[in-house]
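Here are a few exercises to work through with the model open beside you. Try each task before reading its solution.

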Amino acid sequence: MAANWFSTKPHVFDGTEFSHWCSRMQSYIMAEDCDIWRKVSHPYVIPEEINTAALKYEFEENCKARNILLSGISRSDYDRVSYLQTANEIWVALNNFHQGTNNIKELRQDLFKKGVHKI
């Protein structure tokens, strides 16, 4: 019997190394189903009526992707994005918040380094 190395739960983002979490989450979701990853990586509009098998499938894929993302984030991030209805909206919001935080940190570090060199 082969060892099962695949995790049944997504890696939970702990507030550090966001790029690493994104990469792990992408790998996890793609291993689950590439159609689910597509709901994360591409915009999706929830239809007003879900009256065909195709629309139902698309909606269910979004729900699965949304659930995986919400299961892989901290309570503070959950509170920040749980009102969003599509997986892509959640992914974009998390990226904007955490990448923006990294950019601000880098800017502050650059300003600090420039200030130190002047002294």
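Helices here are DSSP runs of H or I with at least four residues, numbered from the N terminus. Keep in mind that this is a predicted model.

**Exercise 1. Find where Glu17 sits relative to helix 1, and describe its backbone.**

Solution. Start with the place: Glu17 belongs to the segment before helix 1, which spans 18-32. Next, look at the backbone: Glu17 has a positive phi of about 50°, although it is not a glycine. For context, most residues other than glycine have a negative phi. Finally, check the surroundings: the relative accessibility of Glu17 is 59%, so it counts as exposed.

**Exercise 2. Work out which residues of helix 2 are buried, and how a residue caps its N-terminal end.**

Solution. Begin with the cap: a side-chain oxygen of Asp33 lies 2.7 Å from the backbone nitrogen of Asp35, capping the N-terminal end of helix 2. Then go along the helix, residues 34-41: Ile36, Trp37, Lys39 and Val40 are buried there. These residues cover an arc of only 155° around the axis, which puts them on the same side of helix 2. Cys34, in contrast, is exposed, with a relative accessible area of 51%.

**Exercise 3. Determine how many disulfides the whole structure has.**

Solution. The search needs two cysteine sulfur atoms within 2.5 Å. Across the whole structure it finds zero disulfides. As for cysteine exposure, Cys22 counts as buried at 10% relative accessibility, while Cys34 is exposed at 51%.

**Exercise 4. Examine the salt bridge between Lys39 and Glu58, then those of helix 4.**

Solution. A search of the whole structure finds five salt bridges. Among them, Lys39 and Glu58 meet through their side chains at 2.3 Å, N to O. Lys39 lies in helix 2 and Glu58 in helix 3 (residues 53-71), so the pair ties together parts that are 19 residues apart in sequence. Lys39 is buried at 7% relative accessibility, and Glu58 is partly exposed at 29%.

Now turn to helix 4, residues 75-81. Arg75 pairs with Asp79, their closest N and O atoms being 3.0 Å apart. These two are four residues apart, or about one helical turn. Arg75 is exposed at 63%, whereas Asp79 is partly exposed at 45%.

Arg80 forms a salt bridge with Asp77, with the closest N and O atoms 2.3 Å apart. Arg80 and Asp77 are three residues apart in helix 4, also about one helical turn. Here Arg80 is partly exposed at 30%, but Asp77 is buried at 2%.

How values were computed:
Residues numbered from 1 in each chain as written. Predicted model: local features only at pLDDT ≥ 70, side-chain atom pairs only at ≥ 80, totals over all residues. Heavy atoms only, no water. Buried < 20%, exposed > 50% of the residue type's maximum accessible area, 1.4 Å probe, protein only. Arc of directions from axis to C-beta. Polar contact = N/O pair within 3.5 Å; in protein donor to acceptor, adjacent residues only side chain to side chain. Salt bridge = Lys/Arg side-chain N within 4 Å of Asp/Glu carboxyl O.
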